[in-house]
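Colleague: Could you take a close look at one part of this model for me, the aromatic side of it? After that, I'd like a stroll through whatever else stands out.

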Amino acid sequence: MSKARTVRFEDEVDPLVDQFLEKNSINFNTLVNIAVKDFISKPQTIELLPIDQDDWEKAFKKAHKKHKKAIGELAK
């Protein structure tokens with residue numbers, strides 16, 4: 001059995017929801033159910049992947065060369 005809930009959108013989001021509903025011929029409850037199910041079923045974290053040592057060294061050298069002055073000022 002479903003439960004009635006209230007949703008309050010920010011002022012800039014509300015017209016976007018109305019436009020989406022009209023454009024896609026979908027009702028509001030279906031949209032909310034799809035959006036919430038999709039949001040809570042996916043991980044909400046950033047997944048960090050290890051990089052190759054050579055790639056790290058290339059990226060470090062490039063960043064150091066580009067920001068050498070700022071790095072030097074921070075080291076003071």
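Modeller: I'll start with the ring pairs, then move through the helices and finish with a few distances. Bear in mind that this is a predicted model, with local features needing pLDDT of at least 70, side-chain atom pairs counting only at pLDDT 80 or more, and totals for chains, interfaces and linings using all residues. Numbering runs from 1 along each chain as its sequence is written, and side-chain values use heavy atoms, leaving out hydrogens and water.

So, how many aromatic pairs are there? The count comes to two (Phe, Tyr and Trp rings, the last by its six-membered ring, with centres within 6.5 Å; planes under 30 degrees apart are stacked, over 60 edge-to-face, the rest tilted). One joins Phe9 and Phe28: the ring centres sit 5.9 Å apart and the planes stand at 90°, so this one is edge-to-face. What I like here is where the two partners come from. Phe9 belongs to the segment before helix 1 and Phe28 to helix 2, with their positions 19 residues apart, so to speak a link across distant parts of the chain (helices here are DSSP runs of H or I with at least four residues, strands are E runs of at least two, numbered from the N terminus). Phe9 has 30% relative accessibility and counts as partly exposed (buried is under 20%, exposed over 50%, partly exposed in between, with a 1.4 Å probe and protein chains only). Phe28 is partly exposed too, at 29% relative accessible area.

The other pair is Trp56 with Phe60. Their ring centres lie 5.4 Å apart and their planes are at 10°, so we call the pair stacked. Both belong to helix 3, residues 53-66, and because they are four residues apart there, about one helical turn separates them. Trp56 comes out partly exposed with a relative accessible area of 44%, and Phe60 is partly exposed at 44% as well.

Now for the surroundings, going from the N-terminal side. Helix 1 covers residues 14-24 and contains Asp14, which counts as partly exposed because its relative accessibility is 35%. Past helix 1 comes Ser25, in the loop leading to helix 2 (28-41). Have a look at the backbone there: Ser25 is not a glycine, yet its phi is positive, at about 50°. Ser25 counts as exposed, with 70% relative accessibility.

Over on helix 2 you'll find Val36. Val36 teams up with Phe39 and Ile40 in a nonpolar surface patch, and together they offer about 320 Å² of accessible area (patch members have over 30% relative accessible area and no salt bridge; like charges are joined within 9 Å, and nonpolar side chains, meaning Val, Leu, Ile, Met, Phe, Trp or Tyr, within 5 Å). Val36 itself is partly exposed, at 44% relative accessible area.

Which side chains meet in a salt bridge? Those of Lys42 and Asp38 do, at 3.3 Å from N to O (the rule is a Lys or Arg side-chain nitrogen within 4 Å of a carboxyl oxygen of Asp or Glu). Searching the whole structure turns up one salt bridge. Lys42 is partly exposed with a relative accessible area of 48%, and Asp38 is partly exposed with 38%.

Back to helix 3 for some distances. Gln53 is part of that helix and counts as partly exposed, at 48% relative accessibility. From the C-alpha of Gln53 to that of Asp11 is 47 Å, with the two residues 42 apart along the chain. Ala63 also lies in helix 3, partly exposed with a relative accessible area of 37%. Its partner for the last distance is Met1: Ala63 and Met1 are 62 residues apart along the chain, and 57 Å separates their C-alpha atoms.

Methods:
Accessible areas come from the Shrake-Rupley method with a 1.4 Å probe; for residues, only the protein chains shown count as cover.
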